[in-house]
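Hello,

Here is the structure I promised to send over. Have a look at it first, and then read on for what turned up in it.

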Amino acid sequence: MLRPARVVWSLWLRPRTPGVSAGNGDRRNVASGGPPSGSTSPRTLNIFDRDLKRKQKNWAARQPESRKFDYLKEEIGSRIADRVYDIARNFPLALDVGCGRGYIAQHLNKETIGKFFQIDIAENALKNCLETDIPTVSVLADEEFLPFQENTFDLVVSSLSLHWVNDLPRALEQIHYVLKPDGVFVGAMFGGDTLYELRCSLQLAETEREGGFSPHISPFTAVNDLGHLLGRAGFNTLTVDTDEIQVNYPGMFELMEDLQGMGESNCSWNRKALLHRDTMLAAAAVYREMYRNEDGSLPATYQIYHMIGWKYHDSQARPAERGSATVSFGELGKLNNLMSQEKNNL
Amino acid sequence: MSAHGAVWGRVRSRLRAFPERLAACGAEAAAYGRCVQASTAPGGHLRKDLCAPEFEALRSCFAAAVSGKGGCVMVLEVQESP
């Protein structure tokens, strides 16, 4: 089920100091028929340097003013909390995979969640956890290797951290594994169109200046693949939504500095170590010319995929048996008559 | 990064001045941007140094732009007491 929703959220940021380049790249197609759960076959994708990602996140969490880069994660954290509230249930035990500073927990309350486990690979982020009244346990662990037993959690949430995972099918299978039957997974991750303006500007500028280009933005999962992945991991009753957030920046350097401050710098193995100043200058000029808004600011698009998946339980609704229909679609126009007839008969 | 503190600090301070200097070269940047954008139209072919003259103009303007031109101006609002 796909419900694309377009949300435009503009925020004018004060001019700040620029930073070095952040990540770029192409859509990545996940191969169907990957490694079975619990094993790492030689065909496992190894795109990201997880060690470097941990260092980047630790660095970002240690910055003196790290809270000013949190706007995107706080917004998505609150949206995920909304979705959790929409589910009319209480969850005694919940898990946050890739929690950062705990952006989801601060929007939830003790009645909905009994106890919250928060997982992240960066210890500095866990040390600076945001305040919440739910009892939390912080665990330093990788999203791909969850250190929990089967059928442990009623709820697993994940906000904007799965796009750095190397083996996404395996991570989703692990999440499915630690969920109890009739448990639910509510996740959000960046989608294919994220930062396309930055990606295109850098590609064009690098082609014009250097004769070729290398990916600077990491590859994102396509929305079709996401549905397949969730299904393959064993989730039922999937829901995948698309949200777009557009944030306006004064210039390209401010955007790159914000991405670095969020801990979202490029860490793919095939990244180019150096981005020439000429190329940066050219890319900033191209970005401004091609994408600027009327008021002179530059938009950056963040496309978020929200996904909800359930672990199978007998009590869940299942599709009806083939051939068990009692009315045909052809009688849809006379539905009101049929229903009033049934009421009279009862 | 802590091992290369001096180099990192120098690089960062140079990059920090980029937005201001770029803002001073709006016309050249727009000309370069238009040239590259034109090559993305159907029939255009983007290759190395296609827009080299525009970029040279932009680079020389950028090099000539001095950061902090004009200095800081503080505006104080003085309210007349009734």
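Let me begin with a pair of helices in chain A, bearing in mind throughout that this is a predicted model. Helix 5 (residues 196–210) and helix 8 (residues 277–291) of chain A pack with their axes 8 Å apart, at an angle of about 130 degrees. Angles over 145 degrees would count as roughly antiparallel and those from 65 to 115 as roughly perpendicular, so helix 5 and helix 8 of chain A are oblique to each other. Their crossing is right-handed.

If you want a residue to click on in this region, try A:Thr207, which lies in helix 5 of chain A. With a relative accessible area of 15%, A:Thr207 falls under the 20% cut-off and therefore counts as buried. A:Thr207 and A:Thr279 are 72 residues apart in sequence, while their C-alpha atoms are 9.2 Å apart in space.

Next, please turn to helix 7 of chain A, which covers residues 252–261. How many of its residues are buried? The count is 10 of the 10, so helix 7 is largely enclosed by the rest of the structure. Charged residues are on that list too: A:Glu254, A:Glu257 and A:Asp258 are among the buried residues of helix 7 of chain A, and so are A:Met252, A:Phe253 and A:Leu255. After helix 7 of chain A comes A:Gly263, which has a positive phi, near 85 degrees.

Helix 2 of chain A gave me several residues to show you. One of them is A:Ile76, found in helix 2 of chain A. Its relative accessibility is 0%, so A:Ile76 counts as buried. From A:Ile76 to A:Met189 the C-alpha distance is 9.4 Å, with their positions 113 residues apart in sequence. A:Lys73 also belongs to helix 2 of chain A. Is A:Lys73 buried or exposed? Its relative accessible area is 11%, so A:Lys73 is buried. A:Lys73 and A:Glu257 are 184 residues apart in sequence and 16 Å apart in space, C-alpha to C-alpha.

Now for the salt bridges, which I expect you will want to see. Side chains of opposite charge can pair when their charged atoms come close. Over all chains, a search of the whole structure finds 20 salt bridges. Here are a few of them.

In chain A, A:Arg54 forms a salt bridge with A:Asp51, and the closest N and O atoms are 2.7 Å apart. Both residues sit in helix 1 (residues 50–62) of chain A, and because they are three residues apart, about one helical turn separates them. A:Arg54 has a relative accessibility of 33%, so it counts as partly exposed. A:Asp51 is partly exposed as well, with a relative accessible area of 39%.

A:Lys68 and A:Glu65 form another salt bridge, with the closest N and O atoms 3.0 Å apart. A:Lys68 counts as partly exposed, at 26% relative accessibility.

A:Asp243 and A:Arg79 are also joined by a salt bridge, the closest N and O atoms being 2.8 Å apart. This pair links distant parts of the chain, 164 residues apart: A:Asp243 is in strand 9 (residues 236–249) of chain A, and A:Arg79 is in helix 2 (residues 71–86) of chain A. Both A:Asp243 and A:Arg79 are buried.

Which residues are joined into one network by salt bridges that share partners? They are A:Glu208 and A:Arg209 from chain A, together with B:Lys48 and B:Asp49 from chain B.

That brings me to chain B itself. Chain B has four helices and zero strands, and along the sequence the pattern reads α-α-α-α. Of the 82 residues in chain B, 26% are buried.

One last stop, on the surface of chain A. A:Phe329, A:Leu332, A:Leu335 and A:Met339 make a nonpolar surface patch of about 470 Å². Within this group, A:Leu335 lies in helix 9 (residues 335–345) of chain A. A:Leu335 counts as partly exposed because its relative accessibility is 38%.

I hope you enjoy looking around in it.

Best wishes

Methods. Residues are numbered from 1 along each chain as its sequence is written. Chains are lettered from A and ligands numbered from 1 in the order in which they are written. This is a predicted model: local features need pLDDT of at least 70, side-chain atom pairs count only at pLDDT 80 or more; totals for chains, interfaces and linings use all residues. Side-chain values use heavy atoms; hydrogens and water are left out. Patches are made of residues with over 30% relative accessible area and no salt bridge: like charges are joined within 9 Å, nonpolar side chains (Val, Leu, Ile, Met, Phe, Trp, Tyr) within 5 Å. Accessible areas come from the Shrake-Rupley method with a 1.4 Å probe; for residues, only the protein chains shown count as cover. A salt bridge is a side-chain nitrogen of Lys or Arg within 4 Å of a carboxyl oxygen of Asp or Glu. Helices (H or I, at least four residues) and strands (E, at least two) are DSSP runs, numbered from the N terminus. Buried means under 20% relative accessible area, exposed over 50%, partly exposed in between (1.4 Å probe, protein chains only). Axes are lines fitted to C-alpha atoms, for helices over the stretch in contact, and angles run from 0 to 180 degrees between N-to-C directions. Angles under 35 degrees count as roughly parallel, over 145 as roughly antiparallel, 65 to 115 as roughly perpendicular and the rest as oblique. A crossing is left-handed if the near helix is turned anticlockwise from the far one by less than a right angle, and right-handed if clockwise.
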